[in-house]
Amino acid sequence: MTDRSADTALLDAARALDAADPLAAHLDAFVEAPGVTAYLDGNSLGRPLRDVPEKLAAFVRDDWGTRLIRSWDEQWMALPMELGDRIGAVALGAGPGQTVVSDSTSVLIYKLMRGSLRQAQGPTGAAQGPTGRTELVIEEGNFPTDRFLAEGVAAEMGATLRWITPDPVHGVTVDDVAAVLSERTALVSLSHVDYRSGALADMARITEVVHEAGALMMWDLCHSAGVVPMQLDEWGVDMAVGCTYKYLNGGPGSPAFAYLRRDLQGVLRQPIQGWWSAADIFAMGPEYVPADGIRQLLSGTPPVTSMLAMQGMIDLIEQSGIDGVRAKSESLTALAVRAYDELLAPLGVRLLSPRDPALRGGHITIGHPDFREVTRRLWADGVIPDFRFPDGIRLGLSPLSTSHAETVTGVLAVRDALESGVS
């Protein structure tokens, strides 16, 4: 008979942690998914809050259905900036007037990346630019969108790409970045948390090193906003972009946010000069004059409906405090690593994330040749992790909606699927 004493010990430890969890009351704020026993993909798509359906219905009934176009003047016009300020204050360590919500992550990265190179090169292009800075630095394992955009922007601007090759588990280090910087570096673009391993980059020190080289620094915050504390203002970050459907629970395709340091506003010109970034939106004048302040990063009409769901999650993070959210996140991932050690390592599963909780974000990644089929079986059984090519499973543990017991239940299911065979 198989000894399952380790299972019992892990579940007991998980229940004890849940009983002591100061954020446990928030678990009931999220919609239950019938048939799902462990949702371990909150780093891809956060669960909806229970009050979202009524909020959406009220919006259709009142703000849109009753107030009609009057709601633009009454509340919607300022929403991208107001919501940006809330995200900045609650999750980013950013003062007001520097964060805006609009567009997708890809579009906002493009705007800031191209604007940065244009500023470095000047109106005459790379060859005769005023600074001689013609290089864009990016990590070769970064999320595909970031890499694809860097390649496209470099081609458009006649810039040169410089690639960083970091350790696949521990991610980009200060030394990795310093090794590629030169007087030709215009912009460095990196992810705060590696989407594969969960490795957490040293944002403060890397930003400092990039500035010492005279270049600008842009951070992709998609896997850290809402789960990892940061201080964009204090650390002198130039610009950042992040999505809102992961740890901010804005729903599928909810708009992204962009942060642009105050003293770069009006200096860095974004390339998609739509009417919403004009100084006078309704002037309909013959020429484009950009708005003062962070509104200059907008382009077209903001997606108001898609901004609704995330607002409740921002409230929850504010109530909990981002440091409290981070503490729960570290507890969840530490328990997941313990469960990996006891249940999965003996089966040949590899840990593909840093062991130190302080050096990773809100997910851990494990690897095994059978994980594609394991994931298919788990999904059918109501355990939802995230498969990542070629053979990785990410366990994304969103702190406000995930319990310790749910975490252990998920790892037990991975073990059972492997032991039962997947051929």
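In this predicted model, the count of cavities of 30 Å³ or more comes to 2. The largest cavity has a volume of about 90 Å³, and the second largest holds about 60 Å³ of space. Besides these enclosed spaces there are open ones, and the largest pocket has a volume of about 310 Å³.

The lining of each space, by residue class, is as follows.

| Space | Nonpolar | Polar | Charged |
|---|---|---|---|
| Largest pocket | 9 residues | 8 residues | 6 residues |
| Largest cavity | 5 residues | 6 residues | 2 residues |
| Second largest cavity | 4 residues | 3 residues | 1 residue |

**Cavities**

The largest cavity, with its volume of about 90 Å³, is lined by 13 residues, and those closest to its centre are Glu139, Gly171, Val172, Ser191 and Asp194. Around the second largest cavity, the lining is made up of Leu268, Arg269, Gln270, Gln273, Tyr288, Pro290, Gln296 and Leu297. By class, Arg269 is the charged residue of that lining.

**Largest pocket**

The volume of the largest pocket is about 310 Å³. Its lining consists of 23 residues, of which Thr105, Phe143, Cys222, Tyr245 and Lys246 lie closest to the centre. Two or more lining residues come from each of helix 5 (105-121) and helix 6 (144-157). Helix 5 contributes the most to this lining, giving 3 residues. Thr105, one of the residues closest to the pocket centre, falls within the range of helix 5 (105-121).

How values were computed:
Residues numbered from 1 in each chain as written. Predicted model: local features only at pLDDT ≥ 70, side-chain atom pairs only at ≥ 80, totals over all residues. Heavy atoms only, no water. 1 Å grid on protein atoms, 1.4 Å probe; cavity = no way out; pocket = protein on both sides within 12 Å on 5 of 7 lines; lining within 4 Å. Points joined across faces, edges and corners; volume = space filled by probe spheres on them. Helix = DSSP H or I, 4+ residues; strand = E, 2+ residues; numbered from the N terminus.
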